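User: Could you take a close look at a single helix for me, the second one along the chain, and then show me how its surroundings fit into the rest of the fold? I work at the bench, so plain language is welcome.

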Amino acid sequence: MNSCIEWIDDNQSRFIELSDQIWNFAELGLFEYESSKLLMEILEIEGFTIEREVASMPTAFIATFGSGKPIIAILGEYDALPGLSQDKIPRKQPINKDMPGHGCGHNLFGVACLTAVLAIKEKIKNEELTGTIKFYGCPAEENANGKGWMVKEGLFDDVDISLTWHPSDANSVVSFNFQAIIDVLFKFQGQTAHAAGDPFNGRSALDAVELMNVGCNYLREHIIPDARLHYIITKGGKAPNIVPEEAEVWYFVRAPRFEQVNDLYRRVLKVANGAAMMTETSLEPMILGGASNMLPNETLEELLHRKMTEVKPPIYSDEEIAFANEIRSTFPENYFDNALTIYPQEIRELTEQFRENPLNNIVYPIFGRGITLGGSTDVGDVTWVTPTAQFVTACSTFGTPGHSWQMVAHCGMSIGHKGMFYAAKVLAEATEELMTNPELVTKAKQEFQERISKTPYESLLPKMSSPPIEHFRQIYDNI
Ligand SMILES: [Zn+2]
């Protein structure tokens, strides 16, 4: 039979169509009904066994094909971001103003994983490979850390290895750390009154929110440099002449390791309680989600790097380069130097060539071990329960900000599609090697055991058994 790479090349148009359909759906985390249904339908037709609504999330699922060991999990996402609607053109133009858009490229993310598992399925069906391939349909990466809930439910307990990827502006194995995060809503309850007639009878919940934010902005000076605090006010009253009796502020609290984020949250909570005390309001903190930092697996990182190098990044057409140049003209003047700041010197030097050429088509050497980036990912939780590694591929012009209209535009056109197929091929080739090389699986598992024995895993999720779906619905209704 053909190689996985040939099979993927022969089936491209079908997967482009799927990725564009999910790009059009652009559904928010926990509400990806159409996107997950589409993926499940295809997997079912292809003979996979589907477990639906896993971990009490309507849009989470697991699709399994094959039998026996090894069990390889491929983690796919498909949620979009609010307010990022954008057409597939290199200038800002929403299709439907204020509606969601795929600003993190998760339409490509889910479909690349689907492509890879279907290529592997063909080989298992033809008895060229033995083992089990599992597609994890992971909702709500952007808001509710869906994978953490799946971990909490024990859904990775039988998995030998997990692999995943993410759209980016360059091609690299992910060997740096991401921040641990606690995602929390602070709800203040006060006493309403006529804001002019009898304000002395009122106790403003909005005052509490504002004082809490002032306190946290002072707190910033005295927290570890890599930690991050950010918030939005999700409820602030109905009219200026009514003292707000209810107000809410939504915080992300982040730090490089889970014990550090727990400590920082303890301090943020003190500030919130102080604000409630000052305003004579009551406070109800509600943890909505959380994600751990990453436990690396160098054995798997090296496998992915070798496959990325063998498969080779895409070659771009003149039209794609022209699109990228136009996108680049929308970036701030110093975008290139800013984009380089996260890289070590060796990688900066390699990247200089993309100051003029807007599409980054090289594979970086493995770098970043020990560096923590500013963001967080729920892949973090998976890394603590099964050996896991991930990589990124260029799906956009170099320097494209994450969660931007520019990213949405790329992910609906051929630059994004090329990055998607490159990722699918690397995932399939890496899975094939794991299914034919048991020593490699054993080595990755041994490394995992050594690391986990030094630092036991601690979930940052709240005690409840499923994510607060209704609260997310209300938050989105209010925004
Ligand atoms: Zn993402």
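Analyst: Happy to. The cover over the buried residues of α2 includes α1 (4–10), α3 (33–45), α4 (106–125), α13 (405–411) and α14 (414–436). Please keep in mind that this is a predicted model. The buried residues of α2 themselves are Phe15, Leu18, Ser19, Asp20, Ile22 and Trp23. Some of that spacing makes sense from helix geometry: an α-helix has 3.6 residues a turn, so residues three or four places apart point the same way.

How far apart are the end C-alpha atoms of helix α2? They are 20 Å apart, and because the 14 residues of the helix (residues 12–25) should span 20 Å at 1.5 Å a residue, the two values agree. Just after α2, Ala26 takes a positive phi of about 40°.

Two of the buried residues in α2 are worth following outwards. Start with Phe15. The whole structure holds 21 aromatic pairs, and Trp7 with Phe15 is a tilted one, with 6.0 Å from centre to centre and 50° between the planes. Both Trp7 and Phe15 are buried. For another pair elsewhere, look at Trp250 and Phe472: their ring centres are 6.0 Å apart and their planes lie at 65°, so this pair is edge-to-face. It links distant parts of the chain, with Trp250 in strand β9 (residues 246–255) and Phe472 in helix α16 (residues 469–478), 222 residues apart. Trp250 counts as buried because its relative accessibility is 9%, under the 20% cut-off. Phe472 is buried too, with a relative accessible area of 0%. Aromatic rings also gather in a cluster made of Phe176, Phe178, Tyr343, Tyr364 and Phe367.

The second residue to follow is Trp23. Lys88 lies over the face of Trp23, at 4.8 Å from the ring centre. A similar arrangement turns up with Lys121, whose charged end sits over the ring of Phe65, 5.9 Å from its centre.

Helix α4, one of the elements covering α2, also leads to the metal site. Which residues coordinate the zinc ion? They are Cys104 through SG, His106 through NE2 and His166 through NE2, at 2.1 to 2.2 Å. Along the chain, these donors follow the spacing C-x1-H-x59-H. Cys104 sits in the loop between β3 (71–77) and α4, whereas His166 is in strand β5 (residues 161–168), so to picture this site you need to bring together parts of the chain that are 62 residues apart. Cys104 and His166 are both buried.

Some backbone details may catch your eye as you trace the chain. The peptide bond from Lys69 to Pro70 is cis, with omega near -5°, and Pro70 lies in the loop between β2 (61–67) and β3. Ala55 has a positive phi of about 50° although it is not a glycine; this alanine is in the loop between β1 (49–52) and β2. Ala55 is buried, with a relative accessible area of 4%. Asn145 also has a positive phi, near 50°, and is likewise a residue other than glycine. You will find Asn145 in the loop between β4 (131–138) and α5 (146–152), buried with a relative accessible area of 7%.

Now step back to the whole chain. How many helices and strands does the protein chain have? There are 16 helices and 11 strands. Its radius of gyration is 23 Å, close to the 23 Å that the globule rule gives for 479 residues, so the chain is as compact as a globular protein of that length. The C-alpha atoms fill a box of roughly 80 × 50 × 45 Å along the principal axes. Of the 479 residues, 59% are buried.

Contacts across the sequence complete the picture: among those between residues at least 6 apart in sequence, 81% join residues at least 24 apart. Thr234 and Ile475 give a concrete case of distant positions brought together, as their C-alpha atoms are separated by 6.6 Å while the residues are 241 apart along the chain. Thr234 belongs to strand β8 (residues 228–235) and is buried, with a relative accessible area of 8%.

Definitions and conventions
Residues are numbered from 1 along each chain as its sequence is written. This is a predicted model: local features need pLDDT of at least 70, side-chain atom pairs count only at pLDDT 80 or more; totals for chains, interfaces and linings use all residues. Side-chain values use heavy atoms; hydrogens and water are left out. Helices (H or I, at least four residues) and strands (E, at least two) are DSSP runs, numbered from the N terminus. The expected span of a helix is 1.5 Å times one less than its number of residues. Buried means under 20% relative accessible area, exposed over 50%, partly exposed in between (1.4 Å probe, protein chains only). Contact means heavy atoms within 4.5 Å. Rings of Phe, Tyr and Trp (its six-membered ring) pair if their centres lie within 6.5 Å; planes under 30 degrees apart count as stacked, over 60 as edge-to-face and the rest as tilted. A charge sits over a ring if NZ of Lys or CZ of Arg is within 6 Å of the ring centre and within 35 degrees of the ring normal. Donors are N, O and S atoms within 2.8 Å of the metal (3.2 Å for Na, K and Ca); water is not among the atoms, so sites may look incomplete. The radius of gyration is taken over C-alpha atoms; the globule rule is 2.2 Å times the number of residues to the power 0.38.
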